[in-house]
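Trainee: Could you take me through one part of this model in close detail? I would like to look at the core and the strands around it.

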Amino acid sequence: MQAGKLALFATMGSAMCTGATVAHAETTDAWQLLEEIKIKEIVTETTYEVQKTFPEKMEERGKDILISGYAFPMLPGETIKELILVSDMGLCPLCGNGDHGANLQVTLAEPITNFDESIRITLRGNIKAVTDPETWQSAIMEDATIIVEG
């Protein structure tokens with residue numbers, strides 16, 4: 001993977017829809033924040049490490065953030081608590097292609113039912129850095145709620 005490309009996963013929260021409109025700049029900023037995370041893989045004969053460099057003030061900038069995209073349940077079932085969010089329906093988060101772009105693991109505040117993967121959603125939650133040096137995953141959205149569907 002190139003340093004600018006990320007392997008991120010997201011989990012999502014409650015499916016409460018409000019008819020609220022979301023400014024495009026707010027959702028663009030969330031994906032931009034994720035794209036600012038730089039990843040460098042270091043492999044030797046005896047070690048493996050993923051070094052991550054996070055944007056300045058990521059902890060502050062990632063609080064109560066809006067992000068839009070298409071989501072897919074991480075696990076099948078009648079109720080869903082964790083999702084993978086991608087910015088574009090044409091991007092495959094699990095296909096192994098290094099050029100698939102950013103995606104985000106989302107943990108929902110409340111489980112949802114009857115989830116429609118074909119519609120674009122907007123989520124509100126907190127993006128947290130994943131500092132584990134053995135994974136490419138670099139961020140997760142926690143306590144997310146769905147605020148706009150479709």
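Mentor: Start with the largest nonpolar core, which has 28 residues. I67, V106, L123 and M141 have the most contacts inside it. Several elements feed this core. Helix 1 (24–35) supplies at least two of its residues. So much is also true of strand 4 (65–73), strand 5 (79–86), strand 6, strand 7 and strand 8: each gives at least two. Keep in mind that this is a predicted model.

Now turn to strand 8, residues 139–149. Strand 6, residues 103–113, runs parallel to strand 8, and 3 bridges join the two. Within this pairing, L108 stands opposite A144 of strand 8. Strand 7, residues 121–129, also joins strand 8. Here the two run antiparallel, with 8 bridges between them. N126 of this pairing stands opposite E142 in strand 8.

In a regular strand, side chains alternate between the two faces of the sheet.

Next, pick out one polar residue. Q105 lies in strand 6. Is Q105 buried or exposed? Its relative accessible area is 11%. The cut-off for buried is under 20%. Q105 is therefore buried.

Which side chains does the side chain of Q105 make polar contacts with? One is E82, at 3.2 Å from side chain to side chain. Another is Q137, whose side chain makes a polar contact of 2.6 Å with that of Q105.

Put the pieces together. Strand 6 supplies at least two residues of the core, pairs in parallel with strand 8, and holds the buried Q105.

Note on methods
Residues are numbered from 1 along each chain as its sequence is written. This is a predicted model: local features need pLDDT of at least 70, side-chain atom pairs count only at pLDDT 80 or more; totals for chains, interfaces and linings use all residues. Side-chain values use heavy atoms; hydrogens and water are left out. Two strands pair if DSSP finds at least two bridges between them. Helices (H or I, at least four residues) and strands (E, at least two) are DSSP runs, numbered from the N terminus. Buried means under 20% relative accessible area, exposed over 50%, partly exposed in between (1.4 Å probe, protein chains only). A polar contact is a pair of N or O atoms within 3.5 Å; within protein, one must be able to donate a hydrogen and the other to accept it, and residues adjacent in sequence count only if both atoms are side-chain atoms. A nonpolar core is a set of buried Ala, Val, Leu, Ile, Met, Phe, Trp, Tyr and Cys residues joined through side-chain atoms within 4.5 Å.
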